[in-house]
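Me: I'd like a close look at the charged side chains in this model. Start with one ion pair, then work outwards into whatever surrounds the others.

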Amino acid sequence: MSEHTNENKVLTDLVLSDSTVHATISAPFDQVDLADWLGNLSDDEYQRCAPGEHKACAHGITDDGRPETLNVEMIGTTLTIQHAVHDVFEKHHLRLVSLSDALTPNGWTTSQGIWELSVTDNGDGTCRLSNGILAHPTTEGMEFYEANGITFEQAATARQEASDAHNHRETPNYAASIARKALTSRGA
């Protein structure tokens, strides 16, 4: 596994994948609290949101005291470990940024993942969930691709397909989980 040194830079001018999927949350907007949902998301509930792909979820803090969520999941053929620091952690908007470790069929590498969830009111007692996943390569990742004879374009195409398919599977389950939490927490 990598040691996330200062030499491993995120290349924000390059995009490995970018996927946003929407789903309906069957709960009123004022009862939905994404920060409460994610902050209290159990390992078992996380796994139910993408059976066979979501492997583990835990919550912790970084050495400098910032809250983070740790997710372990399969995205295509890659086991991804996300160390997702809470950048925005609000009732209707979450943005988590991770320097993620990835175990591919060719070995370990890294990438940056940005996970963004937001909710808007549909005006009919339901909400619209937007689940966005953006990934950037790192300098370590680019060296990994080169060492394995993979062009950036090939890596990005494979990652886009895998990430988008995963996002389409997890988003409706996230919406259902968020609705259950909202309705249970508020006694509805």
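Reply: Let's begin with Arg-66, which makes a salt bridge to Asp-64, with 3.0 Å between the closest N and O atoms. Bear in mind that the model is predicted. Asp-64 has a relative accessibility of 55%, and since exposed means over 50%, it counts as exposed. Arg-66 comes out at 41%, so it falls in the partly exposed class. That pair is one of 7 salt bridges in the whole structure.

Now move to Arg-95, which has two acidic partners to look at. With Asp-87 the N-to-O distance is 2.6 Å, and with Glu-116 it is 3.9 Å. The Glu-116 link ties together parts 21 residues apart in sequence, because Glu-116 lies in strand 6 and Arg-95 in strand 5. Elsewhere, salt bridges with shared partners join Glu-45, Arg-48 and Arg-180 into one network. As for accessibility around Arg-95, all of it is intermediate: Arg-95 itself is partly exposed at 24%, Asp-87 is partly exposed at 46%, and Glu-116 is partly exposed at 31%.

Strands 5 and 6 bring us to the sheet. Its 7 strands make an open arrangement in the order 1-7-6-5-4-3-2, with antiparallel pairing. Strand 1 and strand 2 sit at the edges with a single partner strand each, so one side of each has no neighbour in the sheet. On average, neighbouring strands are turned by 20 degrees against each other, ignoring direction. Over at the strand 2 edge, the antiparallel pairing with strand 3 (67-75) runs over 7 bridges, and one bridge partner to look up is Thr-69 in strand 3, matched with His-59.

Two helices pack on the strands. Helix 3 (139-147) lies across strands 5, 6 and 7, at about 125 degrees to strand 6. Helix 4 lies across strands 1, 2, 3, 6 and 7, and runs at about 15 degrees to strand 1.

Helix 4 also takes part in the aromatic packing. There are 3 aromatic pairs in total. One of them is Trp-37 with Tyr-174, an edge-to-face pair with centres 5.4 Å apart and 75 degrees between the planes. Trp-37 is in helix 1 and Tyr-174 in helix 4, 137 residues apart. Another is Trp-115 with Tyr-174: the centres are 5.7 Å apart and the planes sit at 35 degrees, so the pair is tilted. That one links strand 6, where Trp-115 sits, to helix 4 across 59 residues. Trp-37, Trp-115 and Tyr-174 form one aromatic cluster; Trp-37 and Tyr-174 are buried, and Trp-115 is buried too.

Finally, the nonpolar side of things. The largest nonpolar core has 26 residues, and Ile-25, Val-32, Leu-34 and Leu-129 touch the most other members. Strand 1 (17-25), helix 1 (34-39), strand 5 (93-104), strand 6 (107-121), strand 7 (127-137) and helix 4 (152-185) each give it two or more residues, and helix 4 gives the most, with 5. If you want one residue to click on, try Leu-34: leaving out residues up to four places away in sequence, its contacts include His-93, Leu-94, Leu-117, Val-119, Leu-129 and Ile-178. Apart from this core lies another of 7 residues, including Leu-16, Phe-144, Tyr-145 and Ala-155.

Definitions and conventions:
Residues numbered from 1 in each chain as written. Predicted model: local features only at pLDDT ≥ 70, side-chain atom pairs only at ≥ 80, totals over all residues. Heavy atoms only, no water. Core = buried A, V, L, I, M, F, W, Y, C linked by side-chain atoms within 4.5 Å. Buried < 20%, exposed > 50% of the residue type's maximum accessible area, 1.4 Å probe, protein only. Helix = DSSP H or I, 4+ residues; strand = E, 2+ residues; numbered from the N terminus. Contact = heavy atoms within 4.5 Å. Pairing = 2+ DSSP bridges. Axes fitted to C-alpha atoms, helices over the stretch in contact; angles between N-to-C directions. Phe/Tyr/Trp six-rings, centres within 6.5 Å; stacked < 30°, edge-to-face > 60°. Salt bridge = Lys/Arg side-chain N within 4 Å of Asp/Glu carboxyl O.
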